[in-house]
Amino acid sequence: MPGKTTRTDTRLIRAGHGAGRAAKTVGPAVQRGSTVLLPNAASLYPTDDRLTYGRQGLSAQFALQAALAELENAKAVTLYPSGLAALTGALLAILKTGDEVLVTDVIYKPTRRFCDHVLKRFGVTVRYFDPLQSPEELVGGASDAVRVILMESPGSLSFEMQDMTRVAELARARGILTIADNTWGAGYLYRPLDHGIDISVQALTKYVAGHSDVFMGCAATNSAKLARELEDGIHNLGWAVAGEEAYQVLRGLRTLPTRLTRHGESGLTVAAWLRERPEVVEVFHPALPGARGHDLWLRDFTGACGLFGFALQPAPDAAVDAFLDELSLFGLGFSWGGFESLAISCDTQLKVRKFHPDYGGPLIRLHIGLEDPQDLIADLALGLGAYAAHAG
Ligand SMILES: Cc1ncc(COP(=O)(O)O)c(C=O)c1O
């Protein structure tokens, strides 16, 4: 407390400074701060990595980074204000004019928009590849300008699996960096860095946060050089995440394994049921025995989340709408990874793709939440009834 010589206004500003009696709690302290107070004049202009400004992160952000490093088996993790920002931030940190980037054709659509609208504007050539192309063809056919291969496996609408391990191995031999959007694997079901991939990116918004109420993303790496580039990248862009939100994401991470186990089991129960339905042409779920990509999933993943797709028998759009509108336990919404079940139709989003595989009929994506799977099945049965009634 300042001495009595100061006046009331000054004392009100100074009172309480340093009076922190922080008890030890299970979660980290949530510090709110743009200003970081430094101990002396010599600390103002450090030449090392000392914390001098709140944008660099404070207690809750550091705690989350440490937990995510554990999750991804990474030496360094950078936080971003959304999953999309993690993808765009990682690309911006690494690429320069004249570079080429190879991007899976099944990439999350807003990432594609960034590649087409921003990277191209800065003189980066973007080429989309078919994830079912062999790794040898993909990497062998890459020009010397290719700096990065960006993958997402399984793709989050149509669930194609790509042999990312082999791509990473071949790419490394040619000095090409690999990045995986690991939101489906969530770091718990799949650890890209253990498979030789250079940077694992996640939308923490989905499974890690787990409650559909916060945005955040991360990029994890084991390379000190890449870690520095990612850190520099985020400082150059001026992005930061708030302590409260870091705390929320960390709270979600604590229950990630328990939730994912349930999402995965219920997802497979629903997928297996759908596969037997006459209205369904095919179920796209790599963890379902016999489904496309199952062998790769079995080799590389330790489990499944609750996100998968299926194709309905061909029918007019009105029948697809009738199916979705009949559902009462599935919300209609574009996200996933929360505790609640969601459904969307996908065909409109597929139009931007360069390669157009035939999925056999209208593609639907489900996110299976933490409800009782038998209730979800009953809901889907009603939806399929409405579909059949409108299919003509
Ligand atoms: C596969 C995938 N990656 C990244 C993102 C972007 O995450 P965010 O919504 O946090 O920007 C999404 C969001 O739906 C996604 O599905």
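**Two pockets and a ligand**

The second largest pocket is lined by 25 residues, and Tyr108, Pro110, Lys206, Phe334 and Trp336 lie nearest its centre. Keep in mind that this is a predicted model. The space in this second largest pocket comes to about 430 Å³.

Which elements build its wall? Helix α3 gives the most to the lining of the second largest pocket, with three residues. Both α3 and α4 (109-119) supply at least two residues of that lining. Sort the lining by class, and you get 12 nonpolar, seven polar and six charged residues.

Now look at what sits there. The space taken by the ligand is the second largest pocket. Around the ligand stand 14 residues. The closest are Gly83, Leu84, Asp181, Thr205 and Lys206. Lys206 thus appears twice: it is among the residues nearest the centre of the pocket, and it is among those closest to the ligand.

Helix α3 (residues 83-94) also turns up again. Three residues of the shell around the ligand come from α3, the largest share. By class, the shell holds six nonpolar, five polar and three charged residues.

Next, zoom in on single atoms. Which atom of the ligand lies 2.7 Å from a polar side-chain atom of Asp181? The partner is a nitrogen atom of the ligand. Thr205 and Lys206 face oxygen instead. An N or O atom in the side chain of Thr205 is 2.5 Å from an oxygen atom of the ligand. For Lys206, an N or O atom of the side chain is 2.7 Å from an oxygen atom of the ligand. How much of the ligand does the protein cover? On its own, the ligand has 390 Å² of accessible area, and the protein covers 94% of that.

Finally, turn to the largest pocket. Its volume is about 580 Å³. The lining of this largest pocket counts 23 residues. Find Gln56, Gly57, Phe62, Glu231 and His235 in the structure: of the lining residues, these lie nearest the centre of the largest pocket.

Three elements each supply at least two residues to this lining: α2 (59-72), β1 (76-80) and α7 (224-237). Which of them gives the largest share? That is α7, with five residues. By class, the lining of the largest pocket has nine nonpolar, seven polar and seven charged residues.

How values were computed. Residues numbered from 1 in each chain as written. Predicted model: local features only at pLDDT ≥ 70, side-chain atom pairs only at ≥ 80, totals over all residues. Heavy atoms only, no water. Near = heavy atom within 4 Å. Polar contact = N/O pair within 3.5 Å; in protein donor to acceptor, adjacent residues only side chain to side chain. Areas by Shrake-Rupley, 256 points an atom, 1.4 Å probe, with all protein chains shown as cover. 1 Å grid on protein atoms, 1.4 Å probe; cavity = no way out; pocket = protein on both sides within 12 Å on 5 of 7 lines; lining within 4 Å. Sits in = over half its atoms within 2 Å of the grid points. Helix = DSSP H or I, 4+ residues; strand = E, 2+ residues; numbered from the N terminus. Nonpolar A, V, L, I, M, F, W, Y, C, P; charged D, E, K, R; others polar. Points joined across faces, edges and corners; volume = space filled by probe spheres on them.
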